[in-house]
Amino acid sequence: MQFQSFLIKYAEIGTKGKNRYMFEDALMKQIRFALGNVDGNFEVTKESGRIYVTADGDYDYDDAVEALKRVFGIADICPMVQIDDKDYENLKKQVVEYMDRIYPDKNITFKVVARRGDKQYPVSSDQINRDMGEAILEAFPQMRVDVHEPDVLLRVEIRQKVNIFSLMIPGPGGMPVGTNGKAMLLLSGGIDSPVAGYMIAKRGVKIDAVYFHAPPYTSDRAKQKVVDLAKLVARYAGPMDLHVVNFTDIQLYIYEKCPHEELTIIMRRYMMRIAQAIAEKNGAIGLITGESIGQVASQTLQSLAATNEVCTMPVYRPVIGFDKQEIVDVSEKIGTYETSIQPFEDCCTIFVAKHPVTKPNLNVIRNSERHLEEKIDDMVQTALETAEIIRCQ
């Protein structure tokens, strides 16, 4: 059966009181964007706590469902039959036809749950439950009613129109992107940072990203890998700008002037400074990283404190307490894992000391950075001015 309509259910948005309409409008905007790449024409409307997607003519059902499953804010996607005619006998006929077409195997149990949003409708919800159940049993004697654990929970909503549905496809949950500000993701070619971006976007945050490129030590293929990851994250987070920063000169200068065991920390501190400058210029109010405590030398508590010290805006680390397998599980779920494990190194991995410091002393790090004072500010400014912006969607 080709459903022409979907009921979109949300969860957290329902707690937003008088501001709920703002979140509903943001969710509708994201739904329209997600369906923009699906064959077919769609109308997205709302009615008293309900959001509907209606297809005008033929469309790709599977692609539409997959697109909706990537829209943050959606709790459930309910393919439904929506009818204008509220005539009671017609309603019975439509319910029987629905059960016949959706469930060819009639050896099932069911329960009817009616909800009368239109209080002027002359039949009570309990009576609708009984009458619809009776009509189904008369048409399909093999079926049985089970009010406790039915195979099929058939819902009939009487509103401006009548909604008939039983299928509920889980959405991603969360909040609509754009309802909770904007942040800048430090995106590498690894497994962790795309997951971090996904998780923060799920809370309604609009994200852009910055990638530190180090040619010729990192290849164009490594850069393309990060672009590909940004596009995969953008399927959930919406369009994002990827700022590609040429970091080669800065890395070589740090390598030349600073103790090698401190390279990772000092490079990371300059990445954070540059990312914050880009974030401030683009209206972001926080940074996002994929750091997890103890995973590598630059992610001990002491190292994280050392990198935090150069930032005046918040740094969000949503996978901070995850182990590697938990991060991998999310990356597989959102489709970034296979791209992340492609063997193209980023600039964080090519200048790694044999014995990096794991408990950096801030005073020692600051003293080492003084050796960079002659040129580093100009280098940072050049890196900012020459950054390439790639639109990913």
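These are legends for six close-up views of one predicted model.

**About the model.** Since the model is predicted, local features need pLDDT of at least 70 and side-chain atom pairs count only at pLDDT 80 or more, while totals for chains, interfaces and linings use all residues. Residues are numbered from 1 along each chain as its sequence is written, and side-chain values use heavy atoms, with hydrogens and water left out.

**View 1. Strand 1 pairs with strand 3 and with strand 4.** Helices here are DSSP runs of H or I with at least four residues, strands are runs of E with at least two, and both are numbered from the N terminus. Two strands count as paired if DSSP finds at least two bridges between them. Strand 1 covers residues 5-9, and 4 of its 5 residues are buried, so the rest of the structure largely encloses this strand. (Buried means under 20% relative accessible area, exposed means over 50%, and partly exposed is in between, using a 1.4 Å probe and protein chains only.) Strand 3 (residues 50-56) runs antiparallel to strand 1 and is joined to it by 4 bridges; look for Phe6 opposite Val53. Strand 4 (residues 76-83) is also antiparallel to strand 1, this time over 5 bridges, with Leu7 partnered by Cys78. As a reminder, strands of a sheet pair through backbone hydrogen bonds, either parallel or antiparallel.

**View 2. Helix 1 crosses helix 2.** Helix 1 takes in residues 20-35 and helix 2 residues 61-68; their axes come within 9 Å and cross at roughly 140 degrees. Axes are lines fitted to C-alpha atoms, for helices over the stretch in contact, and angles run from 0 to 180 degrees between N-to-C directions. That angle makes helix 1 and helix 2 oblique to each other. (Under 35 degrees counts as roughly parallel, over 145 as roughly antiparallel, 65 to 115 as roughly perpendicular, and the rest as oblique.) The crossing is right-handed, meaning that the near helix is turned clockwise from the far one by less than a right angle; anticlockwise would be left-handed. On the helix 1 side you'll find Ile31, Ala34 and Leu35, meeting Ala64, Ala67 and Leu68 of helix 2. Contact, here and below, means heavy atoms within 4.5 Å.

**View 3. Helix 3 meets helix 4.** The axes of helix 3 (residues 88-102) and helix 4 (residues 125-139) come within 9 Å and cross at roughly 55 degrees. Helix 3 is therefore oblique to helix 4, and their crossing is right-handed. Helix 3 brings Tyr88, Leu91, Lys92, Val95, Val96 and Met99 to the contact, while helix 4 residues there include Gln127, Ile128, Asp131 and Met132.

**View 4. Thr109 sits in strand 5, within the stretch that UniProt lists as "domain: THUMP".** The unreviewed UniProt entry gives residues 62-171 for this domain; UniProt positions use the numbering here, feature names are shortened, and annotations may be inferred rather than shown by experiment. Over residues 62-171 the chain is 34% helix and 28% strand, and the end C-alpha atoms are 14 Å apart. Strand 5 runs over residues 109-116. Leaving aside neighbours within four places in sequence, Thr109 is in contact with Arg144, Asp146, Glu149, Pro150, Asp151 and Val152. Zoom out for Asn246: its C-alpha atom is 63 Å from that of Thr109, with the two positions 137 residues apart along the chain.

**View 5. An open sheet of 6 strands has mixed pairing.** The strand order is 14-13-10-11-12-15. Strand 14 (315-316) and strand 15 (388-392) are at the edges with a single partner strand each, so one side of each has no neighbour in the sheet. Strand 13 (residues 287-288) pairs with strand 14 in the parallel sense over 2 bridges, and Leu287 has Val315 as its bridge partner.

**View 6. Leu186 and Gln299 belong to a UniProt "binding site" annotation.** The annotation comes from an unreviewed entry and also covers Leu187, Tyr211, Phe212, Arg268 and Gly290. Leu186 is in strand 10 (residues 182-186) and is buried at 7% relative accessible area. Beyond four places in sequence, Leu186 contacts residues including Phe212, Arg268 and Thr289. Thr289 lies in the loop between strand 13 and helix 9 and is buried at 0% relative accessibility. Gln299 is in the loop between strand 13 and helix 9 (301-308) and is buried at 10%.
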